[in-house]
Protein chains: 2
Amino acid sequence: MAGASAGVSETLAAFVAASRWEEMPDLVRHEAKRSLLNCFATAFAGCGDEALEISLASFRDFGATGKASLIGRVERVDPLTAAFINAAAANVHDFDDTHLRTVIHPAAPIAPALLALSETRGVRGQDLLHALALGIEATCRIGNAVSPGHYARGWHITSTCGVFGAALAVGKILGLDADRLVWALGNASAQASGLVETLGFMAKSIGVGGAARGGLLAADLARRGHDGPAAPLEGIRGFLNVTGDAPAMDEVTEGLGSRWEALSNIHKPYPCGIVLNAVIDACLELRDKGLAPVESIASITLLGHPLLRQRADRPDVATGRESQVSAQHAVAITLLRGKPGLAAFTDAAVNDPATLALRGAVRLVDDPDGAVPGVRLVATLKNGTEHEVVVDHARGTDKRPLTDAELEEKFRVLVAEKSPTCGDAEKLIDAIWRLDQSEDAGALLAHARPTVN
Amino acid sequence: MAGASAGVSETLAAFVAASRWEEMPDLVRHEAKRSLLNCFATAFAGCGDEALEISLASFRDFGATGKASLIGRVERVDPLTAAFINAAAANVHDFDDTHLRTVIHPAAPIAPALLALSETRGVRGQDLLHALALGIEATCRIGNAVSPGHYARGWHITSTCGVFGAALAVGKILGLDADRLVWALGNASAQASGLVETLGFMAKSIGVGGAARGGLLAADLARRGHDGPAAPLEGIRGFLNVTGDAPAMDEVTEGLGSRWEALSNIHKPYPCGIVLNAVIDACLELRDKGLAPVESIASITLLGHPLLRQRADRPDVATGRESQVSAQHAVAITLLRGKPGLAAFTDAAVNDPATLALRGAVRLVDDPDGAVPGVRLVATLKNGTEHEVVVDHARGTDKRPLTDAELEEKFRVLVAEKSPTCGDAEKLIDAIWRLDQSEDAGALLAHARPTVN
């Protein structure tokens, strides 16, 4: 372990090099499985997205070929391309795991790099989970050091920070020592990219896919002796100073091994902005109780922290993408159709006359005392009756995380909805929960390829 | 052509889409040939560098295979990998073309992307030169918009801006319209990376190689409909605002088609910092005149603009890399050995007792009236005699560019020094000068592969 005078990069690298699976808290180890399960789930959901179809076609025409698997797809490619495509798929709907403080989706750039590696060499399940947990930890800590200015300035933090976590995670499996892990960080630093301006466009997926591919490449290069600077993170012209304003360097290293950022990495229950989780929970409760049939509703009032109104008071959205941050749409689609899946936030859903009509009945009111993630919903019926539902902690926040069973259900729904030809969903779920007992992590991918005749 | 109200990205894209080779000034067209010649020369010089050996081995082990050529090497790979490796080779010694205002080396990220493309489809020589000229122009203008703050902050500007020029250049050959060229810029923006912290390490080459590869990918994706934001350059979270402080947007678009940045893109005569060009010229003149044999020298005084002393007064350098910005070493090695090539800036040259001894006799004195790129050298002999040499405009600056013959000589020396098994240097030189008459630009690469039995 590096001493107190060691630099940030060296300290982080030494921590990763010295880390032992056995010494990691049970909760952190279990969270690695949950992130991996969620990553597979969202990759199944995204694997047929147009952005992926296009980039895969381009890579293949440029000659990508090999034995590496793509989640939910029949094609085989080389490991670098597989890392790119699987990462892009896992993140394309922004439905993957979310580190609350930084809004990083950490698993997408990391897990696919590890999975691709696990098909090229024997990787034990426990080692993949260990590396994933370390990569998530590093990514979120690097993100903490530059937050909130980094994202606010325009950096797509999942991509820019994810490449470092991927490089360290792959490097851990490759058995790199601390010095080579610093080189891996340096090789990653030359590839750290991704702009918020690209969100909402296919171009976003290049950043996320590139982070996974870049991390895998960075570590393999370091293994071969491809060197980098001594302080790729904290150097005066290194990543933290260049992309952060007065970065909090200590965030990277303080409490390494005792405080785990992975424990504030949550899993979204609904494919929309997290701020809407409580709104949807309240609507589901109202709907489940049968107190306010849609045709009887005169108005719906949402009382919440001003942040809710500032971020989500959007009565006039026109596209599926915009609807992901519209409280009006979330209320309408949930009351009409129940628990919202990917289909709830499509152009078709947004422009359905029934949702349009109900949207008009929803208004947001500030409640300065309201808890940020909570909401109070008041449904006023046409006969004058009022029903109130209060949600203090929304499903999918750190106070009320999805249970393992809820995560499994999310997995099953996404597979059924988007990747129904993958016939081994149950085997895959089971294999992920028992991955720490497996001698061959790469075998997971056999369950993730579609069954074809 | 986009109207006055069009955004920066749209205006630049429209300019590229509408540009015609026939309407380009002769000087600009000729400069494209010179940049290409210099790019081949420096790629021959760099093609065996350890960083390249390592990255090529990694790519090949990951499955890179195909028909694309590597300059000076026998291996064949896929076009994306070829773009990466050739770009990294061309830039690894920083001996490629240099845009004076931004210190961008523009050809390295662009020409290799075009050459790789030219092996996958029929590309006329004139079209490759045209695209290269446009890519250089775009790269340098984007660099102007964020200079000098961008590089000062820590961005390796050759990589970060080069990916955009490569994307536009490839897109031009692919026949993309302005809208798709904007997408190409957006796809490039997600990949723009490269940190000054990595300079001096192999990690640097990943940024430059990645820019060429990323530009080729970005344009091919755009061709296939992979969309991006409307304002990837000037958007509030776009490249210029995120990586520049108060970027000068007009620099990208003002005078497009009438003012050419390509004309201030120069070619270095010596593989060291440009600030030393005048010093070396003065030493060569002193040496050629035979006025001051080394053994007779008591002291050498360099009188120059204070910038010369601030940047290059480094009497105690210990490595080849450091010696590239040491006036003391430049004087010693030039007086001892004549015109300095790559071997003059190696660890061995720096630690040669003869250069060490002579270095101690060199001192720098400020001459506030001195021209920035010029120098006045006073050699004081042991017998008291003084000889003075004045260089107002160094060879290789925009006031005294290398002649075509000098560029050819640079090419021949680098091939002979670093890539002697490439047997067709003369054919390649000839083919580049006549490239605008060729129907098959890809044929250039047949002359760039080593002759093997």
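**Two copies, one shared surface**

Every bit of chain B's interface has its counterpart: 100% of the interface residues of chain B are also interface residues in chain A, so the copies meet through the same surface. Keep in mind that this is a predicted model. Here's how the pair is put together.

**How the copies are related**

- Give chain B a turn of 180° and a shift of 0.0 Å along the axis, and it can be laid on chain A with an RMSD of 0.1 Å.
- The two copies are therefore related as by a two-fold rotation axis.
- Looking for the C-alpha of chain B nearest that axis? It belongs to Ser193(B), 2.7 Å away from the axis.

**Where they touch**

- Chain B puts 50 residues into the contact, and chain A puts in 50 residues too.
- On the side of chain B that touches chain A, at least two residues each come from helix 3 (50-61), helix 4 (79-91), helix 9 (178-189), helix 10 (203-223) and helix 11 (239-243) of chain B.
- Helix 10 of chain B gives the largest share of that side, with eight residues.
- Sorted by type, the residues on this side of chain B are 21 nonpolar, 21 polar and eight charged.

**Inside the core**

- In soluble globular proteins, nonpolar side chains tend to be buried together.
- Here, the largest nonpolar core has 320 residues, and the ones touching the most other members are Phe40(A), Leu114(A), Leu132(A), Leu114(B) and Leu132(B).
- Leaving out residues up to four places away in sequence, Leu132(B) touches Ala32(B), Ser35(B), Leu36(B), Ile110(B), Ala111(B), Leu114(B) and Ala169(B).

Conventions: Residues numbered from 1 in each chain as written. Chains lettered and ligands numbered in written order. Predicted model: local features only at pLDDT ≥ 70, side-chain atom pairs only at ≥ 80, totals over all residues. Least-squares fit on C-alpha atoms with pLDDT ≥ 70 in both. Contact = placed C-beta atoms within 7 Å. Helix = DSSP H or I, 4+ residues; strand = E, 2+ residues; numbered from the N terminus. Nonpolar A, V, L, I, M, F, W, Y, C, P; charged D, E, K, R; others polar. Core = buried A, V, L, I, M, F, W, Y, C linked by C-beta atoms within 7 Å. Buried ≥ 20, exposed ≤ 12 C-beta atoms within 10 Å, placed from the backbone.
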